[in-house]
Every structure is written in C-alpha cells, then in structure tokens.
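Hello,

Here is the structure I promised to pass on. Please open it next to this message; my notes follow below.

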Amino acid sequence: MAIVKDLWFVDTQVKALTNVIALNLGDAGAGAFKAALFTNSITTPDGSQTNPAYGSAPFNASEVSGTGYTAGGATLTDVVFEELSGSPGYMRWDFSNVQWTGSTITSARGLLIYATALSNRAILLRNLLSDYSTNDGIFTINVHSDGVAKINLFGP
C-alpha cells in the first residue's frame with residue numbers, strides 16, 4: 001500500500017483521445033479541475049484502472065484531513081495545455097501553484113488531479129516523494145515552470 005510513482009490514468013487518456021469523454025486539459029473554467037492530497041497509506045493506485053475517479057477506490061480512502069483542508073481538495077486556476085515554449089515537440093499541462101493556508105495537514109504524499117465535470121474522473125497522480133505536513137501553516141504545491149506534466153511527442 002503506497003504511492004510509488006506518478007501516474008497518468010490510461011483509461012482517461014484513451015477515452016479522451018477517442019472522444020468517449022470530453023476531457024479538455026486546457027479548460028480554464030472555474031472548478032474544471034481539482035487537486036486532492038492523499039497519504040501514503042492509500043492502496044497502490046493502478047494506472048490501468050477502468051473509470052478512475054476521486055471518491056472511488058482507491059481514492060475513497062486515505063485522503064488527508066485537518067484544519068484548512070476541505071475534502072476534495074482545491075480548485076485549480078490558470079489552467080493551460082500547450083506546447084512548451086522554447087521546447088519544440090513538448091507539451092505541458094500547467095496551472096497556478098496550489099495552496100492550503102492556515103492548514104494542519106499530516107503526511108501528504110500524493111496529489112490527485114481530477115476533472116469535476118466528468119464525474120470526478122482521475123487524470124494524473126503525482127508522487128510527492130516524501131510525506132509533507134503543516135501545523136497551522138501554508139501547504140503549497142509549487143508547480144514546475146514546465147508544468148505539472150511535460151509530454152515529449154517526438155521521442156528520445
């Protein structure tokens with residue numbers, strides 16, 4: 001039971017690319033995407049799971065809790081999906097840093113990003129590599145300038 005790696009959920013990507021679901025990674029509409037924090041006690045997520053979603057196994061247990069954190073996580077803002085500037089052949093999915101202010105959060109290990117309008121469909125799980133906590137502080141996920149995910153379309 002652990003978060004062992006980053007995961008793009010295959011079923012979500014295949015269904016989006018074959019127009020079974022209307023996933024728009026560039027949707028900057030209010031509330032289109034949310035990010036929830038999970039502890040490392042979560043059952044190891046399966047990237048090949050059918051219809052992965054926040055609120056469904058394994059994302060129906062082991063979400064962090066505490067002052068300043070609301071179940072379901074935070075709404076993402078300034079969402080973009082675009083070619084990475086200065087890096088032809090690379091796409092990036094990006095959004096503003098995510099913060100929980102005045103929070104007391106214990107042992108956050110994973111960040112689940114999901115689409116609220118698609119029955120909370122899971123898109124990406126990021127492994128934070130360590131357990132992180134706050135005690136009446138600010139818990140921040142700093143998104144790299146290349147985005148939360150960078151995809152190489154040209155190969156090695």
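**Arginine 92 and the sheet**

Arginine 92 sits in strand 5, which spans residues 90-94. Bear in mind that this is a predicted model.

I started with that arginine. Is arginine 92 buried or exposed? Its relative accessibility is 13%, and the cut-off for buried is under 20%, so arginine 92 counts as buried.

What does the side chain of arginine 92 reach? There are two polar partners to look at. One is glutamate 82: the two side chains make a polar contact at 2.6 Å. The other is serine 145, whose backbone oxygen lies 3.1 Å from the arginine 92 side chain.

Both partners also appear in the contact list of arginine 92. Neighbours within four places in sequence are left aside there. From the 80s, the list has Val80, Phe81, Glu82 and Leu84. From further along the chain come Ser145, Asp146, Gly147, Ala149 and Lys150.

Now the sheet. It is open, has five strands and pairs antiparallel, in the order 1-8-7-2-3. The edges are strand 1 (7-8) and strand 3 (74-75), each pairing on one side only.

Strand 1 runs antiparallel to strand 8 (residues 121-132), and two bridges join them. In that pairing, leucine 7 stands opposite leucine 125 of strand 8. Helix 1, residues 10-17, packs on the sheet and touches both strand 1 and strand 8. The direction of helix 1 makes about 150° with that of strand 8.

Best wishes

How values were computed
Residues numbered from 1 in each chain as written. Predicted model: local features only at pLDDT ≥ 70, side-chain atom pairs only at ≥ 80, totals over all residues. Heavy atoms only, no water. Pairing = 2+ DSSP bridges. Helix = DSSP H or I, 4+ residues; strand = E, 2+ residues; numbered from the N terminus. Contact = heavy atoms within 4.5 Å. Axes fitted to C-alpha atoms, helices over the stretch in contact; angles between N-to-C directions. Buried < 20%, exposed > 50% of the residue type's maximum accessible area, 1.4 Å probe, protein only. Polar contact = N/O pair within 3.5 Å; in protein donor to acceptor, adjacent residues only side chain to side chain.
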